[in-house]
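Work through the following exercises with the sequence and the model side by side, and try each task before reading its solution.

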Amino acid sequence: MGLLSLDRTIHRLKDAQHFINKIQTSPNKLLVGLDISGNPLAKRTLTGQELGDVIDLALNSGIPIAIHMGEADSEIEKQDT
């Protein structure tokens with residue numbers, strides 16, 4: 001079993017929707033959750049309200065999540081956390 005990784009520096013909400021669908025339809029339940037990650041110091045494509053929407057979408061879909069956040073002391077990381 002494993003988590004499908006969504007990278008905050010390259011993915012968007014539409015990618016999260018696709019990933020969640022892949023997790024839900026994973027054969028033999030090999031994919032069990034969504035890992036939200038990404039370089040905490042890099043420019044992001046997924047932040048703020050859109051990041052919140054991803055978290056809500058996953059949780060409302062019954063998908064467990066792991067979130068790598070708060071790993072850097074930057075304003076945007078504080079906002080997202």
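**Exercise 1.** Which backbone nitrogen lies 2.8 Å from a polar atom of the side chain of His11?

*Solution.* The partner is Asp7, whose backbone nitrogen lies at 2.8 Å from a polar side-chain atom of His11. Before going further, note that this is a predicted model, in which local features need pLDDT of at least 70 and side-chain atom pairs count only at pLDDT 80 or more, while totals for chains, interfaces and linings use all residues. Residues are numbered from 1 along each chain as its sequence is written, and side-chain values use heavy atoms, with hydrogens and water left out.

**Exercise 2.** Describe the surroundings of His11, beginning with its place in the chain.

*Solution.* First, locate His11 in the loop between strand 1 (2–7) and helix 1, where helices (H or I, at least four residues) and strands (E, at least two) are DSSP runs numbered from the N terminus. Next, consider its accessibility: His11 counts as buried because its relative accessibility is 15%, given that buried means under 20% relative accessible area, exposed over 50% and partly exposed in between, with a 1.4 Å probe and protein chains only. Finally, list its contacts (heavy atoms within 4.5 Å): leaving aside neighbours within four places in sequence, His11 touches Ser5, Leu6, Phe19, Thr45 and Leu46.

**Exercise 3.** Examine phi of Asn28 and of Lys29, and decide whether Asn28 and Lys29 are buried or exposed.

*Solution.* Begin with Asn28, which is not a glycine and yet has a positive phi of about 55 degrees; this residue is found in the loop between helix 1 (13–24) and strand 2 (31–37). Asn28 counts as exposed, because its relative accessibility is 72%. Turn then to Lys29, also in the loop between helix 1 and strand 2, where phi is near 55 degrees, a positive value in a residue other than glycine. With a relative accessible area of 62%, Lys29 is exposed.

**Exercise 4.** In what order do the elements of the chain run from the N terminus on, and how does its radius of gyration relate to the globule rule?

*Solution.* Start by counting three helices and three strands, which follow one another from the N terminus as β-α-β-α-β-α. The radius of gyration of the chain is 12 Å, close to the 12 Å that the globule rule gives for 81 residues, so the chain is as compact as a globular protein of that length. Here the radius is taken over C-alpha atoms, and the rule is 2.2 Å times the number of residues to the power 0.38. As a last step, note that 37% of the 81 residues count as buried.

Key. A polar contact is a pair of N or O atoms within 3.5 Å; within protein, one must be able to donate a hydrogen and the other to accept it, and residues adjacent in sequence count only if both atoms are side-chain atoms.
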